[in-house]
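Below is a short note on the model you sent, set out as numbered points. It begins with a hairpin and then goes through the domains, sheets and pockets.

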Amino acid sequence: MTQRLLIHVDGADRAGQLAALGKALAASGACLLDVRQQSAFGRMALEALVSAEDDAAALLQARLGEHFAEQALTFDVQPVTGEGWQALQARTEMPRLIVSLMGPRLPATMLAELGELAAAHGLSIEHMQRLSGAASLEEATPRGACVECLLRGPAVELPDLRERALALGARHGVDIAIQEDSLWRCHRRLICFDMDSTLIQAEVIDELARRHGVYDEVAAVTERSMRGELDFQQSFRERMAKLEGLDESVLRDIAENLPLMDGVERLMMHLKRLGYRTAIISGGFTYFAHYLQERLGFDEVHANELVIRDGKITGEVREPIIDADRKAWLLGEIARRQGLAPQQTIAVGDGANDLKMLESAGLGIAFRAKPLVRQQARQSIATLGLDAVLYLLGYHEEALERLSGADDLKS
């Protein structure tokens, strides 16, 4: 009669350990059904699921003892009952979630509370790895700390889990992003950014208004829009009208002094090396978006065009205005043009005008956004720079640095 056995092996990590398992299986005639191995901090854990005839099980145990003794490994062999086998099969069919913990530092108390949150939803942590550099997780660094966890369990209500994770993260000054594990995560190819307060630490229309002496008037229109008295297009037209007569020379001065968002240069460097197509989709102005394109290397730009006549801003608006609907449409249009599935797209923005674009993307990220936008977006980054997007894509900092070093050697 054939029985299934679960072999668990533990010990110091060294070469030849998988070979020892293979030799023991071959010598006993056991059949390998599944195997997993993980090494960390100089220790190794290996688990193998095998099947063997009754008369071969004792021989397998003996051969394992011989081969693992040479490697100074401890092991145990447990039979898997019919009920246990069904439970194992059922577990492999359960959905998996990827949880990214990001912050200037990751306190141990927060990790404990994450474990409690996962358990409360019937989820267990199947795998955990650090994506940030080698510094201590509790030591504040410029790029912050990031740990990625793979959770498995029965299907859960993601909105409820995300809401609880958002509250947990807020208590500890940490971002907790939850994604469904899927093949698409490794195949994102297009990333689109809002500009103002996302790529730059400014709202350009406010800067223009200050230079023209109409900031309070423009701010009043913005406030009316936020109260719902005006939609984006109405608000945009009214604000533009107040800029009539502003000298074109002011634009260059503002463009040359735009404060870039933390981490944007590093993020763009790696995205280009990794082959992503990048775009700016902004309710701001092409004049400034093209400046960023030249400086940072964006592949394309979609924004509103300032109408300038005789060296002065006319206050007119050129159609179409880039509003929330237009942003979402442009994201899809670029993807279609590039032959990409919607799941291969990423969108990053900070305002309510970005929500439809974030919802349309395969991965939508609210960056340093207002509370309402953070709550409605599926993912959020508030505690780190823009290059933390790389963590959500699953890239390990050390691997990115090796890629950079290899490219530098080629050049």
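1. L306 stands opposite V317 in β13. The model is a predicted one, and in it this pair belongs to β12 (residues 306–309) and β13 (residues 312–317), antiparallel strands joined by three bridges. Two residues lie between the strands of this hairpin, and D310 takes a positive phi near 55°.

2. Domains. The chain falls into domain 1 (2–90), domain 2 (94–180) and domain 3 (190–377). Taken over C-alpha atoms, the centres of domain 1 and domain 3 are 57 Å apart.

3. The annotated span. UniProt, in an unreviewed entry, places the feature "domain: ACT" at residues 6–85. In the model this span is 41% helix and 44% strand, and its end C-alpha atoms lie 10 Å apart.

4. One four-strand sheet. Its order is β2-β3-β1-β4; the sheet is open and the pairing is antiparallel. β2 and β4 (74–80) stand at the edges with a single partner strand each, so one side of each has no neighbour in the sheet. On average, neighbouring strands of this sheet are turned by 15° against each other, direction ignored. Within the sheet, β1 and β3 pair in the antiparallel sense over 11 bridges. L6 stands opposite L49 in β3.

5. Another four-strand sheet. This one is also open and antiparallel in its pairing, with the order β6-β7-β5-β8. The edge strands are β6 and β8 (175–180); each has a single partner strand, so one side of each is left without a neighbour in the sheet. The twist from one strand to the next averages 20°. Eight bridges join β5 (residues 96–103) to β7 (residues 145–152), and these two strands run antiparallel. G103 stands opposite A145 in β7.

6. The largest pocket. Its volume is about 1100 Å³. The lining is made up of 33 residues, and E203, T222, G351, A352 and N353 are the closest to the pocket's centre. At least two lining residues come from each of α6 (204–212), α7 (215–226), α8 (232–241), β10 (277–285), α12 (324–338) and α14 (371–376). Of the elements, α7 gives the most, with five residues. By class, the lining of the largest pocket has 13 nonpolar, nine polar and 11 charged residues.

7. The second largest pocket. The volume here is about 650 Å³. There are 22 lining residues, and D34, R36, E47, L88 and E126 lie nearest the centre. Two or more residues of this lining are given by each of β1 (2–12), β2 (31–40), β3 (43–53), α3 (82–92) and β6 (124–130). β2 supplies the largest share, six residues. The lining of the second largest pocket divides into 10 nonpolar, six polar and six charged residues.

8. Where does the second largest pocket lie with respect to domain 1 and domain 2? Both domain 1 (2–90) and domain 2 (94–180) give residues to its lining, so the second largest pocket lies between them. The two edge strands β2 and β6 are among the elements that give two or more residues to this lining.

Methods: Residues numbered from 1 in each chain as written. Predicted model: local features only at pLDDT ≥ 70, side-chain atom pairs only at ≥ 80, totals over all residues. Heavy atoms only, no water. UniProt positions renumbered as here; feature names shortened; annotations may be inferred. 1 Å grid on protein atoms, 1.4 Å probe; cavity = no way out; pocket = protein on both sides within 12 Å on 5 of 7 lines; lining within 4 Å. Points joined across faces, edges and corners; volume = space filled by probe spheres on them. Nonpolar A, V, L, I, M, F, W, Y, C, P; charged D, E, K, R; others polar. Domains from an automatic or database assignment. Pairing = 2+ DSSP bridges. Axes fitted to C-alpha atoms, helices over the stretch in contact; angles between N-to-C directions.
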